[in-house]
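I opened this notebook to record what I looked up, beginning with one helix and then moving to the ligands and the backbone.

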Amino acid sequence: MLKIENLHATVDGKQILKGLTLEIAPGEIHAIMGPNGSGKSTLSYVLAGREGYEVTEGSVTYKGQDLLAMEPEERAVAGVFLAFQAPVELPGVGNANFLRTALNAVRRAKGESEVDAIQFLKLARARMKVLNMPDDMLKRPVNVGFSGGEKKRNEMLQMAMLSPTLALLDETDSGLDIDALKMVADTVNSLRGPTFSALVITHYQRLLNHIVPDHVHVLSAGRIIRSGGPELAQELEATGYAASVAAA
Amino acid sequence: MTAVNTTGAGAFLARHEGLRARLPGAGLPWVVAMREAAAAAFRAQGFPTRRVEAWRYTDLAAVNGTVFGEALTGVDDALALPATGNSRAVFVDGRFRADLSTLDGLGYTVESLAVALPSLEGRLGAVARPAEQALAALNGMLFEDGLVVTVPAGVAGGVLELLSFATLSDRAPAYHPRHLVRLAEGASLTLIETAAGPAAARYLHNPVFEIEVAARARFNHGRLQQEGLDAFFLSTVYAAVAEGGTYDNFTLNAGARLARNEIHVALAGPKAECHMNGVQLVADGQHADTTTALDHAAPDCASRQTYKTVLAGRSRGVFQGKILVRKVAQKTDGYQMNQALLLSPDAEIDSKPQLEIYADDVKCSHGATVGELDADNLFFLRSRGIPLEQAKAILVEAFLTEAVEAVADEAIRAALSGAVSGWWQRQGVAGGIEVA
Ligand SMILES: Nc1ncnc2c1ncn2[C@@H]1O[C@H](COP(=O)(O)OP(=O)(O)O)[C@@H](O)[C@H]1O
Ligand SMILES: [Mg+2]
């Protein structure tokens, strides 16, 4: 599904990822934990294809394709979805119009029929009900005036609507109350299945109580220094990262 | 008789000399006097060079260097116009075409200026200032036709279209229509003007509007400038608004190789209002200029201006906006914003806001921004599967939203969004956002 090998990447000439290797099989959920500045967001951006991140060594294959050679929109329609740590605001772009445009772009690429405005609203409203989002969030401009929690809900709405095969969640749980946290977990769990994989970046073990990962990795200074099962998250919660970093 | 093979101001002055006896109103002494005064004003000014402050950013050298001919009359009967259900007045190469117009059952008067001229003494020339604006002088010297709209007191005139087409001609015709719009007390009218022409035709369209909005009247003036890409469009609008009246101008400046959208508005009575909004879409090889001059000449008036310019390829945009608040104009509430979005490193924008305030109790502000498409916003849209070009179109539409939403009249807003997406299609963009 996703195979990252010896990945090195720089930002503004600064080496951030320094030989990261990770393989995610179809249907698996992996969690990445690690101190601030260790390169977690950088990894998610490199995978999603953000400009300004230069891969200097290593490779990433996704469903057998060279992911790094694809444009961001090609990655998206191939099933990669990044839930941003800090989603942007788009004044003048209506949330519903944006979401329908994205949905149809993905459907077109998959050879599926496009949804019209009425079908779209039906789909979106059903999803929003589950996510406990008020209807008027569709009418508002994308993320403009949304609270931090609302922005994250909106990310989850996009993820649910676009039904990716590889979700990258970059600290989606940060700053969320327990209800919102459960909503994030429910959304991921609802997509869970043999063709859905996820890379869940988080600082806190509490999200992993709700999304039980198959594997947990510790990222430090641009490399994975430890890997284990869900119990590793509990250990880190108890001891902090320092011990792992020192042992590595 | 005429020196048609020369260029510049001299050629136009010579044309006036030659046509003097045949121009409309040649038998009316007041018209003749007006034309002579305009000719003197044009002779004195010529085509302004960039040394003239008001023309610092727009170079008329290409106009000055073109050999223009006269428009031929009635050549294109094949013009197929889609019906819109609205009343409309059609001009072809500057001349009113009754045969193509639909003007039945209006509760107000719409006439051809060439026909109505004898009745226009005191009205024609009432608000234009040829001594100050060279192109209004050129128009005053050579106008042959135009639209005369007169809405009586209290009449709600609804929507009227003014369609102005250029036909393909190798004569590079120049025409100078003079349009007069007068709304009597409490009247209202929406005028949606479209100016268009073939892509390959070179011509000069030099319209002058004289607009009088009486007390508590409301004039919505929507302008879609979509001239052919080899055309020169040099337009001057004069509007005078009386007590409690409203003048609402929206201009889409999208066509022509060189376009100047110059608007002079005088808020002459207390509590008058003016909204001037506009969008300039400037593609490779084009130059678009919007120049506004707002004269707050009475107390308690409000003015709002929002202009957005999008520039692609090697193109140039200009916005100049002057707000004058006279000493009597206490409690003026004035606002002006102009923003430019550069889609290419070869695009340039010049912007010159100017406030001149003599009253002491006023609220007046202006702002200007120049920027490029935000890389993070683009990446966000692309990360959701939206192709790059479509993502750009979405962000450009979003940029324009504020100016478009400021348009109060729905008919104008609808015409505008159609024109904007048409512009995108011509840029080879498959379309912006899908509406849910
Ligand atoms: N645009 C940038 N220019 C220079 N350094 C950057 C840039 N973006 C991130 N960094 C640096 O890269 C390192 C990793 O950042 P990031 O991937 O955001 O870490 P994390 O998400 O794990 O907190 C940090 O030291 C950060 O300061
Ligand atoms: Mg981060």
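**Entry 1: helix α1 of chain B.** I am working from a predicted model, and I began by asking how far α1(B) is covered by the rest of the protein. I found that nine of its 12 residues are buried, so that the helix is mostly covered when buried is taken as under 20% relative accessible area. I listed the buried residues as G8(B), A9(B), A11(B), F12(B), L13(B), A14(B), R15(B), H16(B) and L19(B). Looking for what they pack against, I noted α2 (29-45), α3 (61-64), α5 (134-142), β6 (174-175) and β9 (204-205), which belong to chain B. I also checked the length of the helix, which runs over residues 8-19: at 1.5 Å a residue it should span 16 Å, and its end C-alpha atoms are 17 Å apart, which agrees.

**Entry 2: helix α2 of chain B.** I turned next to α2(B), one of the elements that the buried residues of α1(B) pack against. This helix has 17 residues and reaches 24 Å from its first C-alpha to its last, close to the 24 Å expected at 1.5 Å a residue. I recorded W30(B), V31(B), R35(B), A38(B), A39(B), A41(B) and F42(B) as buried in α2(B), and I found that the buried residues of this helix pack against α1 and α5 of chain B. After α2(B) comes G46(B), and I read its phi as positive, near 60 degrees.

**Entry 3: the shell around ligand 1.** Which residues are around ligand 1? I listed V11(A), D12(A), K14(A), I16(A), P35(A), N36(A), G37(A), S38(A), G39(A), K40(A), S41(A) and T42(A). When I sorted the shell by element, I saw that β2 (14-24) and α1 of chain A each supply at least two residues, and that α1(A) gives the most, with three. I then looked at individual atom pairs: a polar side-chain atom of D12(A) lies 3.1 Å from a nitrogen atom of the ligand, while polar backbone atoms of G39(A) and S41(A) are 3.0 Å and 2.8 Å, respectively, from an oxygen atom of ligand 1. On its own ligand 1 has 560 Å² of accessible area, of which the protein covers 65%.

**Entry 4: the magnesium ion.** I looked up the protein donors of ligand 2, the magnesium ion, and found S41(A) through OG and Q85(A) through OE1, at 2.1 to 2.4 Å. The two donors link distant parts of the chain, 44 residues apart: S41(A) is in helix α1 (residues 40-48) of chain A, whereas Q85(A) is in the loop between β6 (80-83) and β7 (90-94) of chain A. I noted that Q85(A) has 32% relative accessibility and therefore counts as partly exposed. S41(A) also belongs to the residues around ligand 1.

**Entry 5: positive phi values.** I checked the backbone with a general expectation in mind, namely that most residues other than glycine have a negative phi. N6(A) is not a glycine, yet its phi is positive, at about 50 degrees; this residue lies in strand β1 (residues 2-11) of chain A, and its relative accessibility of 34% makes it partly exposed. R216(B) likewise has a positive phi, near 60 degrees. I located R216(B) in the loop between β10 (208-213) and β11 (218-226) of chain B, where it is partly exposed with a relative accessible area of 49%.

Technical notes:
Residues numbered from 1 in each chain as written. Chains lettered and ligands numbered in written order. Predicted model: local features only at pLDDT ≥ 70, side-chain atom pairs only at ≥ 80, totals over all residues. Heavy atoms only, no water. Donors = N, O, S within 2.8 Å, 3.2 Å for Na, K, Ca; no water. Helix = DSSP H or I, 4+ residues; strand = E, 2+ residues; numbered from the N terminus. Buried < 20%, exposed > 50% of the residue type's maximum accessible area, 1.4 Å probe, protein only. Expected span 1.5 Å × (residues − 1). Contact = heavy atoms within 4.5 Å. Near = heavy atom within 4 Å. Polar contact = N/O pair within 3.5 Å; in protein donor to acceptor, adjacent residues only side chain to side chain. Areas by Shrake-Rupley, 256 points an atom, 1.4 Å probe, with all protein chains shown as cover.
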